[in-house]
Amino acid sequence: MNNSTHNRIKLQDGASVPRIGQGTWFMGEDAANRAEEIAALRLGVELGMNLIDTAEMYGDGRSEELVGEAIRGIRDDVFLVSKVYPYNAGQGSLIRSCEDSLKRLGTDHLDLYLLHWRGNVPLEETVEGMEALVAAGKIKRWGVSNLDTEDMKELLRIPGGEHCAVNQVLYHLGSRGIEHELLAWERSHKIPVMAYSPLAQAGSLRKGLTENETVQDIALKHGVTPLQIMLAWSIRDGDVIAIPKAASRQHVAENAAAAQIRLSDDELWMLDEAFPQPAWRVPLDMI
């Protein structure tokens with residue numbers, strides 16, 4: 001993977017991020033894996049996947065601590081993303097949560113701060129708190145996660161809501177519900193989708209993904225793995241940011257290489273046949 005324009009996406013404010021970044025869910029939870037996980041994250045940055053996504057929820061902050069160690073000395077090369085629990089998304093607690101995340105990450109600012117999912121705190125209050133964090137220089141920009149179309153419409157009616165940079169949602173070959181409405185709506189408002197678990201947690205979220213004959217045949221044709229085909233599929237249109245987790249350097253290298261895979265129209269049609277888009281609106285998929 002490289003940092004060519006083709007492999008990057010521009011946010012509304014002009015910031016450039018890679019089409020494939022790095023997720024960190026379940027990382028930092030086992031001391032025996034720490035050195036390899038840190039090496040994997042650093043290799044990912046070297047290979048152009050300089051967006052690293054974490055959250056205060058992941059391992060009760062241990063993922064943020066791991067990321068903080070991994071980016072030490074290379075912070076300026078990283079687009080750093082973290083997320084706040086819904087119950088911490090009120091004004092006072094939002095600021096405290098952000099400051100706690102910054103301490104664990106060993107940095108003075110986040111490039112992007114997300115509401116992890118919608119809870120009981122009014123969106124107006126969360127937007128006001130996010131805007132205050134931007135004004136204070138603690139975050140560069142903010143966004144949301146796990147919001148469906150009606151939630152996004154409500155968000156954009158709120159003063160300041162138009163500053164929402166991304167919506168991070170579950171999206172992979174076996175979970176295509178956002179294609180029915182949400183994805184098109186976000187494109188029309190120039191709010192990129194950030195796809196979490198684009199590999200369906202190595203296929204475990206949808207039985208038969210990696211074992212599917214079509215996926216395997218296309219992978220064989222390209223000389224890559226089924227997971228790389230799934231990742232290439234998730235970024236096929238050039239405006240979705242995928243954040244697969246990779247806890248080993250080998251997996252990181254495979255993810256980076258997936259950015260170079262170009263699926264033909266025939267191959268995309270075959271994948272559509274094997275894993276069709278829902279014909280009707282379905283509730284937003286979440287894990």
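Is Q260 buried, exposed or partly exposed? In this predicted model, Q260 is partly exposed, because its relative accessible area is 38%, and that value lies between the cut-offs of under 20% for buried and over 50% for exposed. You can find Q260 in the loop between helix α9 (249-258) and helix α10 (265-274). From there, look across to K83: the two residues are 177 places apart along the chain, and their C-alpha atoms are separated by 29 Å.

K83 takes us to strand β5, which spans residues 79-84 and is mostly covered, with six of its six residues buried. Here is a handy idea to keep in mind: in a regular strand, side chains alternate between the two faces of the sheet. On one side of β5 you will see F79, V81 and K83, while L80, S82 and V84 are on the other, and all of them are buried. Both faces of the strand are therefore covered.

Now let us meet the neighbours of β5. Strand β4 (residues 51-53) runs parallel to β5, and three bridges join the two. Within this pairing, I52 stands opposite L80. Follow the chain and you will see that β4, helix α2 (residues 62-70) and β5 make a right-handed β-α-β unit. Strand β6 (residues 112-115) also pairs with β5 in the parallel sense, this time over four bridges. K83 has L114 of β6 as its bridge partner. To get from β5 to β6, the chain passes through helix α3 (residues 91-105), and this β-α-β crossover is right-handed.

Next, the interior. In soluble globular proteins, nonpolar side chains tend to be buried together. The largest nonpolar core of this model has 71 residues, and Y113, M152 and L263 have the most contacts inside it. Helix α8 (residues 226-234) gives this core its largest share, five residues. A second, separate core of 16 residues includes F79, L114, Y196 and I241. Y113 is worth a closer look: leaving aside neighbours within four places in sequence, Y113 is in contact with a set of residues that includes S82, K83 and V84, as well as L94, M130 and W142.

Finally, turn to two helices. Helix α1 (residues 34-46) has 13 residues and reaches 19 Å from its first C-alpha to its last, close to the 18 Å expected at 1.5 Å a residue. Which residues of α1 are buried? They are E37, I38, A40, L41, G44 and V45. These residues cover an arc of only 160° around the axis, so they are on the same side of α1. On the other side of α1, A35 and E46 are exposed. The buried residues of α1 pack against β3 (22-23), β4, α2 and α9. After α1 comes G48, with a positive phi near 100°.

Helix α9, which we passed on the way to Q260, has its own buried residues: V252, N255, A256 and A258. Why do they line one face of the helix? Seen down the axis of α9, these buried residues fall within an arc of 155°, so they line one face. They pack against β3, α1 and α8. That brings us back to the loop after α9, where Q260 has its place.

Technical notes
Residues are numbered from 1 along each chain as its sequence is written. This is a predicted model: local features need pLDDT of at least 70, side-chain atom pairs count only at pLDDT 80 or more; totals for chains, interfaces and linings use all residues. Side-chain values use heavy atoms; hydrogens and water are left out. Buried means under 20% relative accessible area, exposed over 50%, partly exposed in between (1.4 Å probe, protein chains only). A nonpolar core is a set of buried Ala, Val, Leu, Ile, Met, Phe, Trp, Tyr and Cys residues joined through side-chain atoms within 4.5 Å. Contact means heavy atoms within 4.5 Å. Two strands pair if DSSP finds at least two bridges between them. A crossover is right-handed if, with the strands pointing away from the viewer, the path from the first strand over the helix to the second runs clockwise. The expected span of a helix is 1.5 Å times one less than its number of residues. The arc is that of the directions from the helix axis to the C-beta atoms.
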